[in-house]
Each structure stands twice: as structure tokens, then as C-alpha cells.
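The following exercises concern ring pairs and the surroundings of a ligand. Please examine the model before reading each solution.

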Amino acid sequence: MNPVEWLRRWAALDGAAPALLLGDRVIETRASLLGQMARLAGGLQGLGVGPGAPLAVVMPNRPDYLVALGAAWMLGAPVVPVNTKLHGREVAYILDHAEAVVALVAEPEAIARHTSGCCRLVEVGGAEHRSLLAADPVAAIAPLDRDSLAWLFYTSGTTGRPKGVMISAGNLLAMTLAYLADVDQPGEEAAHLYAAPMSHGAGLYALVHLLRGGRHLLPESGGFEPAEILHLGRTVGRVSLFAAPTMVRRLVDAVVAGAGDGQGLDTIIYGGGPMYLADIEAAVAAIGPRFVQIYGQGECPMTITALSRRLIADRSHPRWRQRLVSVGQAQAPVTLRIADPEGRSLGTGDAGEILVRGAPVMLGYWRDPAATARTLRDGWLWTGDVGTIDEEGFLTLIDRSKDVIISGGSNIYPREVEEVLLQHPAVAEVAVVGHPDPEWGEVTVAILVPRPGHTVSVAELDALCLDHIARFKRPKHYHVVASLPKNHYGKVLKTDLRRLLTDPEPSTS
Ligand code: AMP
């Protein structure tokens, strides 16, 4: 298989159909997009990119991203997608570690001084990039076999060095088919909007739309601007997008503020971090049955569980709320189980680490056999997430195992405390972390962002917790901040928060 082969088939049927849009302007048809990929592939081949010789892509979301992905895969080469928000030194580490041959880079100066020089840095939009795009096109599309390395994705690495997750062409095919089975069934008329960074799972959703002959839509802002997304829904129509929960929240706030009604946004897939019950309820109330949830991780991209549009919207079901706080059921190609630290399966409703096996699970970590052996054991991927499975097979994530707070010997799952605090009208955002304590080992600390114009009352929050959760779980300290530290993908950086708490002068207590 090769995703570019899919595009070629659609181009053979109707080459003039729109394929790539920048804002509401069509900038490439199927035939011209294929032509661009083939020319760039010709240029990159001349620089040594090919099977086992990766192309790194270090650029924000823009049309060139899709062309670069297609060009690499046409050559049978792996892509190394790199988060543009990383420091030049971190990018250089990834380029060297991945043994990338060429990197298409938006800002080469920041990286050049840190690399070993083995990887050729080509500035996006610069003279060399333009000449590569004008090269003689490759004549044929290379096959990507099931176990060929296609996507070498570096984990965010909050502890230690980032690890290179090896995703094969077979993993990507399983992910793509599972999307059509369990997430959504877009057709030729669909437009997939890249609002979340393409260097992450959002970029991989390109495969679904290459397979289905749909349109690829890049917002002109290159990022997530709620007003722009609502506008593109109206003007382009049949839009689907992947959004982190924080993005969904911003979109819904924009709708509530009168910026639009979600018209033309067919499907909003959310995941990548916890979606709180209050937020998804507000989202469905504001723009209706457009949401599908997925749970995945770099090591099993976008494809562990899904919670369908129908189940999210079915308010009449007696277990609707329970389902809404879950991440849904296993996607078609995977099997799930919950295990204790020794790998023994736990029963229905018991909390333990989530283990996954199946066709989308990574090959391993690049040049890191020790980490691979820790994470892939007896054919199971140890996700590092803690959860429970109910009798209907719905998985509820409780937390990352490393975020669990152990206080006086009892486990406290921050998410449970966060869900309670978010019920308070003055709380806009919250993160709960553990803080070392001489008496209890760790105590619970809540870091809050108040809603504009509100002040939070610690007494009220404490009363709310006493009403909903066991005494020992309630925060011993509260800190009020203007915003929570988040990574480029909108995830709250709990490691940074824990570090911040060791600062002797926190803002409030
Ligand atoms: P990454 O590998 O950076 O994509 O991060 C994957 C992690 O994000 C997972 O292991 C989960 O901890 C979290 N995550 C992904 N999807 C969801 C979801 N739907 N709900 C809650 N957490 C999620």
C-alpha cells in the first residue's frame, strides 16, 4: 500500500477535483497535488531520501506539509514530524537521533548551530525548497510494505530524552481503516481541516482523506482560531477536524459568544487529553451531535478506543453520562485489558494499567531496545494510562499512572478531583497534582484559573469536594494562576506544575 497511490487513483477518476484548500481558496486539484508531490519526491531523491533514509518536517501547518508527507511516502521514506515549538537544541537532537537525511525547516537558523551537520536543512519556501519542487518528478510510487517504517514520531519527553516511536505503514493502514469503521465515514465531498498540529495525530488523519478522495483544508492562520474555523465551516462545508479538548472549549465559547452556530462542521473529533463532563455537555448543547471521541497515543496512533457520535448525543440512554465520561469502546483492530503491575488481568470495574494489542501498535522505539522492552511486553503495549473497563466494554481513563497521587498510602486520581472542582461556576480551568509532604508522602494541590470577573472561594471549593469525594482526596492547598502551562498540543504540563510548586513563593495558598 501507499497513501499516495490512493491519491493517484482518485486523480485518475477526476484530476480536476479540488484536493487542497488554503482558507476557502482551492490551491491544488488532485492532479496538481500529485504532480507537486512527485516533483518534490524527485528533488528529495537526489538528496538521498528513500526507504530507511528519513525526511524530517519541521514546519507549522501549511499546504507544504501535505506535499512533504506525500513526497516522502512516494519514495518509501519515513517521515519524522517535529513539533515546531521545540527549542532548536531539541529539534537538533531529534534530527540527529532519527538520522534524518533532509529536514524541511521553517526556521533553520535556530537549529543549524546545534546539529551535527549530518542532516541537510532546507528552508521552507527558500530557494532550495523551490528548486526541489521544480525537480523532475519521480516516475513511480514506491511500495510501503506492512513493516516499513513510515512515521517516526518523537514523544514529548517530559522526563529524559524524547523517544522515537516507530510507526509502520501497516500501523497507519490499520489506523485509517479503523477510522472508517469506528469514527466517521467521510466521502469525496468532505473537507478535513488541519487545526491541531500536523506533527501529531492530526497530520495522520490526512491518510483517511487521501483514501476517500476528500479535500484537505489548511486554515490561513496556520493554527486554531475559533472564528476562522466557524467561518470555514460555513464557506467550505462538510468539514471535519480533530481538536484537543481545550480547543473544543474555545470553539464552544466562541459559539456561545455569537461567532457562529457550527454550520458546516460535520464532525469534530476530540481526544488527546481528558474532556471533562461539563465541557462535553456544554459542547453538545451548543452545537449538537457533531462530536466523536477517540483515545490513542503516539505508540498506537489515534486508535485505542472511540466513543461514537450516536452515543455522545443519546441523552435518553440511562447510562449516557457514564458513557460520556468514558473514552468509549475498543476500536476494531485492537484488544484491551486492564492489568496489575505484574501483568495479571483485573476484573470488570477494577482500576489498573491499560494494555493494548493489535495492528496499530508501534514497532518499538527507535534505537532504544530497553525502552521498547519495558513498553511492549508479550505482545501488549503498556500505555502508562490507568483506567477501568465496565461490563459493556466502555473504558474510562482515570489518569496517567505517573500523575496518580499517593497520599497516606491511598491512591488519588487527579482527574476525579478536577471533575468536581470544575463544577464550580468560578472555575474556568483546573489541574490537580501531588506535592511532597513529610506526613502524608504526597498531598493534593489544585491549581486554578478563575473565570473572568470571578474570584474563587477556597471555602466553597472545599465544601464542594466534601460533598462529592472522600475527605482525603480534597486539595490541601489551592493556587490561583492566570493560565496553566500547556504544551503545543494543548495538554497541561503537570511536570511543570509540580516543579512550579517547589517554588518557595507560589501566588496564593
Ligand atoms: P500522545 O502520545 O502525546 O498522543 O499522548 C497520549 C496520551 O494522551 C494518552 O496516553 C492519554 O494519557 C492521553 N489521552 C489521549 N486521548 C485521550 C482521551 N480521549 N481522553 C483522555 N486522555 C487522553
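**Exercise 1.** Determine whether Phe 242 is buried or exposed, and classify the pair of rings formed by Tyr 205 and Phe 242.

*Solution.* The model is predicted.

Step 1. Phe 242 has a relative accessible area of 10%; buried means under 20%, so Phe 242 is buried. Tyr 205, with a relative accessible area of 1%, is buried as well.

Step 2. The structure holds three aromatic pairs. In the pair of Tyr 205 and Phe 242, the ring centres are 6.2 Å apart and the planes stand at 80 degrees. Planes over 60 degrees apart count as edge-to-face, so this pair is edge-to-face.

Step 3. Tyr 205 belongs to the loop between helix H8 and helix H9, and Phe 242 to strand E11; the pair thus links distant parts of the chain, 37 residues apart.

Step 4. Ring pairs join Tyr 179 to Tyr 205 and Phe 242 in a cluster.

**Exercise 2.** Identify the strand that gives the most residues to the shell around the ligand, and describe the polar contacts of the ligand with His 200, Gly 272 and Arg 400.

*Solution.*

Step 1. Strand E13 gives the most, with five residues. Strands E13 and E21 each supply at least two residues of the shell.

Step 2. Oxygen atoms of the ligand take part in two contacts with side-chain N or O atoms: 3.2 Å for His 200 and 2.9 Å for Arg 400. A nitrogen atom of the ligand lies 2.9 Å from a backbone N or O atom of Gly 272.

Step 3. By class, the shell comprises five nonpolar, eight polar and three charged residues.

Note on methods:
Residues numbered from 1 in each chain as written. Predicted model: local features only at pLDDT ≥ 70, side-chain atom pairs only at ≥ 80, totals over all residues. Heavy atoms only, no water. Polar contact = N/O pair within 3.5 Å; in protein donor to acceptor, adjacent residues only side chain to side chain. Helix = DSSP H or I, 4+ residues; strand = E, 2+ residues; numbered from the N terminus. Nonpolar A, V, L, I, M, F, W, Y, C, P; charged D, E, K, R; others polar. Phe/Tyr/Trp six-rings, centres within 6.5 Å; stacked < 30°, edge-to-face > 60°. Buried < 20%, exposed > 50% of the residue type's maximum accessible area, 1.4 Å probe, protein only.
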